[in-house]
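Colleague: Could you take a close look at one part of this model with me? I would like to start with the cysteines and then see what surrounds them.

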Amino acid sequence: MKSITQIRTELLSMVDSNYAKFNSQLLPTVDSLKVIGVRTPLLRQYAKQLVKSGNVDEFLLDLPHQLFEENQLHAFIISEIKSYDDCLAAVEKFLPFVDNWATCDQLIPRCFARNKDSLLCAIERWLCSNHEYTVRFGIGMLMRHFLDADFDERYNALVASISRDEYYIKMMQAWYFATALAKQYDATLPILQSKQLSIWVHNKTIQKAIESYRVSDEQKAFLRSLKRV
């Protein structure tokens, strides 16, 4: 079993100081001193190595972590857990410690796609959390898993009903609805037409949808007409 110190030492051996400076600028909610500059492909590869060797239990219990890259590694390890129940338990334990958009968005458990009924119950719980990134994660999981064959209009209503001021929640709401417009245009357009979203989320949704290659030029033209001031 690898100790926390051993794992941190191995992370430090992968450091790219120039990348640390660049990456820290993208993470305004993270102390720049906690960003050491390990590139994502290396972290993913290392996570898989740790999971394969079984050297993850102590690390997953060591919360909160000291480094941004340790949080990233934690997210990548969880994403590899095959048992849905074990994975969900690990996600629930980790979410309160997530403090940035990158870790939140790169926490993508593979097993969730095979357990959508149970996942939906968890998502509905996450959407009601007081924690900014737990809400963002819930919206992200709804966007990832429930906008295709399993879509239901009530999912749009769930996301539209979230009234929060946190920037990273509002950004994810806009991302969700822009994706919903690309995949479920007719079911999603009424959300904008009836002005159910805050002006900021409404306009950001339109901006993101217009930038999408999956939205037709005709649809983009109509969406532009729905911008609010």
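Why is the sulfur of C104 not in a bond with the closest cysteine sulfur?

Modeller: Happy to, with the reminder that this is a predicted model. The sulfur of C104 has its closest cysteine sulfur in C87, 14 Å away, and that is too far for a bond. A disulfide needs the two sulfur atoms within 2.5 Å, so the pair does not qualify. C104 is also buried, at a relative accessible area of 5%. C121 is likewise in no disulfide: the nearest cysteine sulfur to it belongs to C128, at 12 Å. For the structure as a whole, the count of disulfides is zero.

Next, the pocket. The largest one has a volume of about 200 Å³. Its lining consists of 14 residues, and the closest to the pocket centre are D105, G140, M143, R144 and W175. Three elements give two or more residues to this lining: α7 (101–105), α9 (132–145) and α11 (167–183). Of the elements, α9 gives the most, with six residues. By character, the lining divides into seven nonpolar residues, two polar and five charged, which may be handy if you plan to look at its chemistry.

Now to the packing. In soluble globular proteins, nonpolar side chains tend to be buried together. Here the largest nonpolar core has 58 residues, and those that touch the most other members are V91, F112, W126, F137, I139, Y176 and L223. Helices supplying at least two residues each include α6 (84–94), α8 (116–126), α9 and α11. The most comes from α11, which gives nine residues to this core. W126 deserves a look of its own: leaving aside neighbours within four places in sequence, W126 is in contact with L88, V91, E92, L95, F112, L119, T134, V135, F137, G138 and M141. Another core lies apart from the one above, with 17 residues, among them I4, V38, Y46 and F76.

Two backbone details round this off. L63 and P64 are joined by a cis peptide bond, with omega about 0°, and P64 sits in the loop between α4 (57–61) and α5. In the loop between α12 and α13 you will find K195. Phi of K195 is near 55°, a positive value in a residue other than glycine. With 54% relative accessibility, K195 counts as exposed, whereas C104, where we began, is buried.

Conventions:
Residues are numbered from 1 along each chain as its sequence is written. This is a predicted model: local features need pLDDT of at least 70, side-chain atom pairs count only at pLDDT 80 or more; totals for chains, interfaces and linings use all residues. Side-chain values use heavy atoms; hydrogens and water are left out. On a 1 Å grid over the protein atoms alone, a cavity is a set of points where a 1.4 Å probe fits but cannot get out, and a pocket is an open set with protein on both sides within 12 Å along at least five of seven lines; lining residues have an atom within 4 Å of a point. Grid points are joined across faces, edges and corners, and a volume is the space filled by probe spheres set on the points. Helices (H or I, at least four residues) and strands (E, at least two) are DSSP runs, numbered from the N terminus. Ala, Val, Leu, Ile, Met, Phe, Trp, Tyr, Cys and Pro count as nonpolar, Asp, Glu, Lys and Arg as charged, and the others, Gly among them, as polar. A nonpolar core is a set of buried Ala, Val, Leu, Ile, Met, Phe, Trp, Tyr and Cys residues joined through side-chain atoms within 4.5 Å. Buried means under 20% relative accessible area, exposed over 50%, partly exposed in between (1.4 Å probe, protein chains only). Contact means heavy atoms within 4.5 Å.
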